Amino acid sequence: MPWGSWINEFPTGFFLTVHIAAFAIGASFAWMAFKHELALLGVAFSLFATAELVYMTYHLDWTVFLFAHTISEVLDLAAFVLVFAAVLSRVFDTRTTVAASRQ
């Protein structure tokens, strides 16, 4: 028996609760980012929230595990890349602004 198989004994409601909470956090962060005109971060958190919805499709028996997991991982990876891009964008904008103000 593989390590961690004990998790299979948890009820489906537990996993749905975890994914609903993660979805709510992602959607809230997306809303705040868009509200503050941080489009890249807004899209990133929207992708994360969408990944949580896709994870839920498995627990609701609408899709198989590998399908839901693969799609969710791709969405999470895209979100991670966008967060990194948003941070770099802010860093380079700050450096450009500081350099311009010194001239």
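# Exercises on a three-helix chain

At 32% relative accessibility, phenylalanine 10 counts as partly exposed, a value that belongs to a predicted model, as do all the values used below.

## Exercise 1: The overall plan

Describe which kinds of secondary structure the chain holds, and state how much of the chain is buried.

Solution. Begin with the elements themselves: the chain has 3 helices and 0 strands, and when it is read along the sequence the pattern is α-α-α. Next, turn to burial, where the buried residues account for 22% of the 103 residues in the chain. The surface can then be described by its area, since the chain exposes about 7600 Å², and carbon and sulfur atoms supply 72% of that area. Finally, consider the contacts between residues at least 6 apart in sequence, of which 56% join residues at least 24 apart.

## Exercise 2: The lengths of two helices

Check whether the end-to-end distances of H1 and H2 agree with the rise of 1.5 Å a residue.

Solution. Take H1 first, which covers residues 12-35 and therefore has 24 residues. The expected span is 1.5 Å times one less than the number of residues, which gives 34 Å for H1, and the end C-alpha atoms of H1 are indeed 34 Å apart, so the two values agree. Then repeat the step for H2, whose 21 residues should span 30 Å. The end C-alpha atoms of H2 are 31 Å apart, which agrees with the expected value.

## Exercise 3: Where H1 meets H2

Identify the buried residues of H1 and find the helix against which they pack, then follow glycine 26 and alanine 49 as examples.

Solution. The buried residues of H1 are Phe15, Leu16, His19, Ala22, Gly26, Ala30 and Ala33, and their packing partner is helix H2 (39-59). To understand such a spacing, recall that an α-helix has 3.6 residues a turn, so residues three or four places apart point the same way. On the other helix, the buried residues of H2 include Gly42, Ala44, Ala49, Ala51 and Glu52.

Now look at glycine 26, which is found in helix H1 and counts as buried because its relative accessibility is 0%. Leaving aside neighbours within four places in sequence, glycine 26 is in contact with Phe45, Phe48 and Ala49. Glycine 26 and phenylalanine 45 are 19 residues apart in sequence, yet their C-alpha atoms are 5.1 Å apart in space.

Approach the matter from the other side with alanine 49, which lies in helix H2 and is buried, with a relative accessible area of 4%. Not counting residues up to four places away in sequence, alanine 49 touches Phe23, Gly26 and Ala27. The C-alpha atoms of alanine 49 and alanine 24 are 7.4 Å apart, although 25 residues separate the two in sequence.

## Exercise 4: A buried charge

Decide whether glutamate 52 is buried or exposed, and find the distance to the nearest side chain of opposite charge.

Solution. Locate glutamate 52 first: it lies in helix H2. Glutamate 52 is buried yet has no salt bridge, and the nearest side chain of opposite charge, that of lysine 35, is 24 Å away. Not counting residues up to four places away in sequence, the residues that glutamate 52 touches are His19, Ala22 and Phe23.

## Exercise 5: Two loop residues

Determine the sign of phi for glutamate 37 and aspartate 61, and state whether each residue is buried or exposed.

Solution. Start from the general expectation that most residues other than glycine have a negative phi. Glutamate 37, in the loop between H1 and H2, has a positive phi of about 60° although it is not a glycine. This residue is exposed, because its relative accessible area is 73%. Aspartate 61 lies in the loop between H2 and helix H3 (65-102), and its phi is also positive, near 65°. Aspartate 61 is exposed as well, with a relative accessible area of 67%.

## Exercise 6: A nonpolar patch

Place phenylalanine 10 along the chain and name the surface patch to which it belongs.

Solution. Phenylalanine 10 is found in the segment before H1. Together with Trp3, Trp6, Phe14 and Val18, phenylalanine 10 forms a nonpolar patch on the surface, and the accessible area of these residues together is about 600 Å².

Notes
Residues numbered from 1 in each chain as written. Predicted model: local features only at pLDDT ≥ 70, side-chain atom pairs only at ≥ 80, totals over all residues. Heavy atoms only, no water. Helix = DSSP H or I, 4+ residues; strand = E, 2+ residues; numbered from the N terminus. Buried < 20%, exposed > 50% of the residue type's maximum accessible area, 1.4 Å probe, protein only. Contact = heavy atoms within 4.5 Å. Lys, Arg positive; Asp, Glu negative; His and termini not counted. Salt bridge = Lys/Arg side-chain N within 4 Å of Asp/Glu carboxyl O. Patch = residues over 30% accessible without salt bridge, like charges linked within 9 Å, V, L, I, M, F, W, Y side chains within 5 Å. Areas by Shrake-Rupley, 256 points an atom, 1.4 Å probe, with all protein chains shown as cover.
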